[in-house]
Amino acid sequence: MAKMNMLQAINDALDIAMAGDDRVLCFGEDVGVFGGVFRATSNLQQKYGKARCFNTPLVEQGIVGFANGLAAQGSIPVAEIQFADYIFPAFDQIVNESAKYRYRSGNLFNVGGLTIRAPYGGGIAGGLYHSQSPEAYFAHTPGLKIAVPRNPHQAKGLLLGAIHDPNPTLFFEPKRLYRASVGEVPEGEYQLPLGEAEVLKEGTDVTVLGWGAQMEVIEKAVEKAEKEGISCEVIDLRTILPWDVETVADSVFKTGRLVVTHEAPLTGGFAGEIAATIQERCFLYLESPIARVTGMDTPFPLVLEKEHLPNELKVYEAIKDSVEF
């Protein structure tokens, strides 16, 4: 085991993937000698050359269109979108091309080797153009996979899993954890499965579900709740698409309560999809309404970022309200 922060774990995953297969290419804005705006691709160009790790023009639609072409021809592109907020110019390429290549050709060709990395979420005082959480936009698109890690161990394993998965995958990295999240990471290659949630803590009174940086928030909220005798089951969804319905439903069958939290705004957020599915599956077992603790339905603010984000106190109050309903 090596001790790494999340950025180092991501860099290690990219290094291992590139070393293991000459078809793996990394590209995006400033990812070359500069190593990316957060340094996630540091030293990769020096190690593997400009033909395999290189800068692109500042055109996200072009980055993903180019990646689609490479993947369709058998390469394994890992494209970086500098901030997830910038992914929207590439929306058409992702949802109408990447997601549909295999389907429209009857599997004669596909872009399954494609992985798109993007730092997402708030917590760095980035304001409205460097703080958004766009996962729900893409979760509405059959043909894609979406993964979000919570710590360095998960980041390395899930990223390698995404790179080797035979489907185009969006890999959203919670940037406020890049250097703040530090932990032990196995050396060498390992892959974590996409589509499987992880039960981090078992409990009997309420299920608390999240992903990415919200797992740290959940941990603090659960600590407060357990001091008051509330037994919480904690689940990291890990993969938004496909999401692990069975693991979440099995937990709610046991606890009878569910609190879901994410940074994205409430309306249209992925918590709504989770809530709808779980009430269909578990309706007769529910002891209280499913609670959603999310960002506000406003553009992401700069000065009021802390008020906007769903912090541990908001999650704690939702846990209490659910149990006391």
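Two strands count as paired here if DSSP finds at least two bridges between them. Helices (H or I, at least four residues) and strands (E, at least two) are DSSP runs, numbered from the N terminus. The model on your screen is predicted, and local features need pLDDT of at least 70, side-chain atom pairs count only at pLDDT 80 or more, while totals for chains, interfaces and linings use all residues. Residues are numbered from 1 along each chain as its sequence is written, and side-chain values use heavy atoms, with hydrogens and water left out.

**Stop 1: strand 2 and its partners**

Select residues 24-28, which form strand 2. How many of its residues are buried? The count is 5 of 5, where buried means under 20% relative accessible area, exposed over 50% and partly exposed in between (1.4 Å probe, protein chains only). Val24, Cys26 and Gly28 are buried on one side, and Leu25 and Phe27 on the other, so both faces of the strand are covered.

Now add residues 76-80: this is strand 4, which pairs with strand 2 in the parallel sense over 5 bridges. Look for Ile76 in strand 4, opposite Val24. Then add strand 3 (residues 53-55), which runs parallel to strand 2 and is joined to it by 3 bridges. Here Gly28 faces Asn55 of strand 3.

**Stop 2: a pair of cysteines**

Stay here and show the side chains of Cys26 and Cys53. Why is there no bond between them? The sulfur of Cys26 lies 5.5 Å from its closest cysteine sulfur, that of Cys53, which is too far for a bond; a disulfide is a pair of cysteine sulfur atoms within 2.5 Å. Searching the whole structure gives 0 disulfides. Cys26 counts as buried at 3% relative accessibility, and Cys53 is buried with a relative accessible area of 0%.

**Stop 3: the sheet around strand 2**

Zoom out to the open sheet of 7 strands, whose order is 3-2-4-5-7-6-12 with mixed pairing. Strand 3 and strand 12 (239-241) are the edges; each has a single partner strand, so one side of each has no neighbour in the sheet. From one strand to the next, the twist averages 20°. Toward the strand 12 end, select strand 6 (residues 145-147), which pairs with strand 12 in the antiparallel sense over 2 bridges. Ala147 has Thr239 of strand 12 as its bridge partner.

Next, select helix 1 (residues 6-20), which lies across strands 2, 3, 4, 5 and 7 and runs at about 135° to strand 2. For angles like this one, axes are lines fitted to C-alpha atoms, for helices over the stretch in contact, and angles run from 0 to 180 degrees between N-to-C directions.

**Stop 4: helix 3 and helix 4**

Select residues 60-72 and 91-98: helix 3 and helix 4 pack at an angle of about 25°, with their axes 8 Å apart. They are therefore roughly parallel to each other (angles under 35 degrees count as roughly parallel, over 145 as roughly antiparallel, 65 to 115 as roughly perpendicular and the rest as oblique). Where they meet, Gln61, Val64, Gly65 and Asn68 of helix 3 touch Asp92, Gln93, Ile94, Glu97 and Ser98 of helix 4, contact being heavy atoms within 4.5 Å. Gln93, Ile94, Val95 and Ser98 of helix 4 are buried.

Before moving on, pick Ser75 in the loop between helix 3 and strand 4. Is Ser75 buried or exposed? Ser75 is buried, with a relative accessible area of 19%. Not counting residues up to four places away in sequence, Ser75 touches Arg23, Leu25, Leu70 and Gly113.

**Stop 5: the second sheet on this tour**

Move to the open sheet of 5 strands in the order 9-11-10-13-14, with mixed pairing. Its edge strands are strand 9 (198-201) and strand 14 (291-295), each pairing on one side only. Strands 10 and 11 run parallel and are joined by 5 bridges, and Val206 stands opposite Cys232 in strand 11. Helix 8 (residues 214-227) lies across strands 9, 10, 11 and 13, at about 175° to strand 11.

**Last stop: helix 9**

Select residues 245-255 and colour Val245, Val248, Ala249, Ser251, Val252 and Thr255, which are buried. They cover an arc of only 160° around the axis, which puts them on the same side of helix 9; the arc is that of the directions from the helix axis to the C-beta atoms. Their cover includes strand 10 (206-210), strand 11 (232-236), strand 13 (258-265) and helix 10 (270-282). Finish on Gly256, just after helix 9, which takes a positive phi of about 80°.
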